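Student: Could you take a close look at one helix-helix contact in this model, and then follow the aromatic rings outward from there? I would like one connected account rather than a list.

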Amino acid sequence: MDSNTLISFSNLAAVLAKYGEAVCEAYRKELRDRGKDASGLLSQSVRYMVNRDGTTYAVDLSLQDYWKYVEYGRRPLSRFPPLDKILEWIRVKPVVPRPMDNGKLPTEKQLAFLIGRKIAEDGIKPTPALDTAVGLTYAQFIDEIGRAITADLSDAVDGALDSLVTR
């Protein structure tokens, strides 16, 4: 038992670990279903940790740093996106270029510039895949989380009563 708390919430920690894994799987599925994981790096990077600070428990996710652009999009008339990341995306996707106004096909760098300019001017629409995954998974686990907390509190009361009886 931790010195910061009188109760060990081992049942809750176990359920939150299952919840974290379920959120990760649901997020990977959402990304796949929405076509938002061209390279697979985002879905491969999804990890969860159950963290505890005293009596506060949290399920934290670790993701590639660009997850926020997938989730929240990018507003129009913003900064130019990094061309090296667009080049990687072009190679993985793969993007088939169309002829430019002069009839020639753009090089990869030209194509990356054109895509970057379009993103900077028009932005990117949000794809709330993580929000959807968390919402669906939370609804599935809320009762189980409640039962785990109840079991942990019941175990703590039983333990306290046992220690009183054996004195």
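Tutor: In this predicted model, Leu83, Ile86, Leu87, Trp89, Ile90 and Arg91 on the helix 4 side meet a set of helix 5 residues made up of Glu108, Lys109, Leu111, Ala112, Phe113, Ile115, Gly116 and Ile119. The axes of helix 4 and helix 5 are 9 Å apart, and the two helices pack at an angle of about 115°. Because angles of 65 to 115 degrees count as roughly perpendicular, helix 4 is described as roughly perpendicular to helix 5. The crossing of these two helices is right-handed.

One of the helix 5 residues in this contact, Phe113, leads on to the aromatic rings. A pair of aromatic rings is described by the distance of the centres and the angle of the planes. For Phe80 and Phe113 the centres are 5.4 Å apart and the planes stand at 25°, so this pair is stacked, given that planes under 30 degrees apart count as such. Phe80 sits in the loop between helix 3 (67-72) and helix 4 (83-92), whereas Phe113 belongs to helix 5 (residues 108-122), and the pair thereby links parts of the chain 33 residues apart. With a relative accessibility of 36%, Phe80 counts as partly exposed, and Phe113, with a relative accessible area of 38%, is partly exposed as well.

A search of the whole structure finds four aromatic pairs. Among them is the pair of Tyr19 and Phe141, whose ring centres lie 5.6 Å apart with the planes at 70°, so that this pair is edge-to-face. Tyr19 is found in helix 1 (residues 10-33) and Phe141 in helix 6 (residues 129-165), so the pair ties together parts that are 122 residues apart in sequence. Tyr19 is buried, its relative accessible area being 10%, and Phe141 is likewise buried, with a relative accessible area of 10%; the limit that applies here is that buried means under 20%.

A ring can also be considered together with a charge. Here Arg74 lies over the face of Tyr69, at a distance of 5.7 Å from the ring centre.

Finally, a residue of another kind: Ser43 has its place in helix 2 (residues 41-45) and is buried, with a relative accessible area of 14%. Once its neighbours within four places in sequence are left aside, Ser43 is in contact with Arg28, Leu31 and Asp37.

Note on methods: Residues numbered from 1 in each chain as written. Predicted model: local features only at pLDDT ≥ 70, side-chain atom pairs only at ≥ 80, totals over all residues. Heavy atoms only, no water. Phe/Tyr/Trp six-rings, centres within 6.5 Å; stacked < 30°, edge-to-face > 60°. Helix = DSSP H or I, 4+ residues; strand = E, 2+ residues; numbered from the N terminus. Buried < 20%, exposed > 50% of the residue type's maximum accessible area, 1.4 Å probe, protein only. Lys NZ or Arg CZ within 6 Å of the ring centre and 35° of its normal. Axes fitted to C-alpha atoms, helices over the stretch in contact; angles between N-to-C directions. Parallel < 35°, antiparallel > 145°, perpendicular 65-115°, else oblique. Left-handed = near helix turned anticlockwise from the far one by under 90°. Contact = heavy atoms within 4.5 Å.
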